[in-house]
Amino acid sequence: MDKVVEELLGEWEKIKAVLINDQRSRNREKVIERMEAGIKLFKQFLLHSNEMNQNKGSAIVFSELDVKPINVAERLEFISSRPVLYHSFIQLSELMVEQEKLYRKKLAMKKASRKTT
């Protein structure tokens, strides 16, 4: 796994740990702030996994991505529109886990194809 992904996942783990406490204490403002940071991290991870860069102000075209969780656009829309909900936090956590699995699978496939050629 490359350094960028390790940093993104490490940052997510920090945000996630604090978000759990914010959810318990029902600190609405902090939950929204940290969820927005988590969504931003997920989008960076998604783009990095697909070897793409995002231009400022441009939307992600999910149909152009090869490495992505199922229904990612709909799930991100739900999370973004309701960041304070606990279910949104769970959904974002699941997206991160799924993306990490897909990214690791992509790396393994790439490594395996180099060995056979």
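**Entry 1: the H2–H3 contact**

I began with the residues through which two helices of this predicted model touch, and I found that Met 35, Ile 39, Phe 42, Lys 43 and Leu 46 in H2 meet Val 72, Leu 76, Ile 79 and Ser 80 in H3. Two packed helices are described by the angle between their axes and the distance between the axes, and I looked up both values for this pair. The axes of H2 and H3 come within 11 Å and cross at roughly 160 degrees. Angles over 145 degrees count as roughly antiparallel, and H2 and H3 are therefore roughly antiparallel to each other. I also noted the hand of the crossing of H2 and H3, which is left-handed.

**Entry 2: Met 35**

I then followed Met 35, one of the H2 residues that meet H3, and asked which residues it is in contact with once its neighbours within four places in sequence are left aside. The list that I obtained for Met 35 consists of Leu 19, Ile 79, Pro 83, Ser 88, Phe 89 and Leu 92.

**Entry 3: the largest nonpolar core**

Met 35 led me to the largest nonpolar core, which has 24 residues, and where Trp 12, Leu 19, Met 35, Phe 42, Phe 45 and Leu 92 touch the most other members. The elements giving two or more residues to this core are helix H1 (3–25), H2, helix H3 (72–81) and H4. Which element gives the most to this core? I found that H2 does, with eight residues.

**Entry 4: aromatic pairs**

I turned next to the rings, for which the count comes to two aromatic pairs. In one of them, the rings of Phe 45 and Tyr 103 have their centres 5.9 Å apart and their planes at 65 degrees, so this pair is edge-to-face, the class for angles over 60 degrees. I checked where the partners lie in the chain, and the pair links distant parts of it, with Phe 45 in helix H2 (residues 28–49) and Tyr 103 in helix H4 (residues 86–116), 58 residues apart. I recorded both Phe 45 and Tyr 103 as buried.

The rings of Tyr 86 and Phe 89 also have their centres 5.9 Å apart, but here the planes stand at 50 degrees, so I entered the pair as tilted. Tyr 86 and Phe 89 are three residues apart in helix H4, which means that about one helical turn separates them. Are Tyr 86 and Phe 89 buried or partly exposed? I found Tyr 86 partly exposed, with a relative accessible area of 48%, whereas Phe 89 is buried, with a relative accessible area of 3%.

Key
Residues numbered from 1 in each chain as written. Predicted model: local features only at pLDDT ≥ 70, side-chain atom pairs only at ≥ 80, totals over all residues. Heavy atoms only, no water. Phe/Tyr/Trp six-rings, centres within 6.5 Å; stacked < 30°, edge-to-face > 60°. Helix = DSSP H or I, 4+ residues; strand = E, 2+ residues; numbered from the N terminus. Buried < 20%, exposed > 50% of the residue type's maximum accessible area, 1.4 Å probe, protein only. Core = buried A, V, L, I, M, F, W, Y, C linked by side-chain atoms within 4.5 Å. Contact = heavy atoms within 4.5 Å. Axes fitted to C-alpha atoms, helices over the stretch in contact; angles between N-to-C directions. Parallel < 35°, antiparallel > 145°, perpendicular 65-115°, else oblique. Left-handed = near helix turned anticlockwise from the far one by under 90°.
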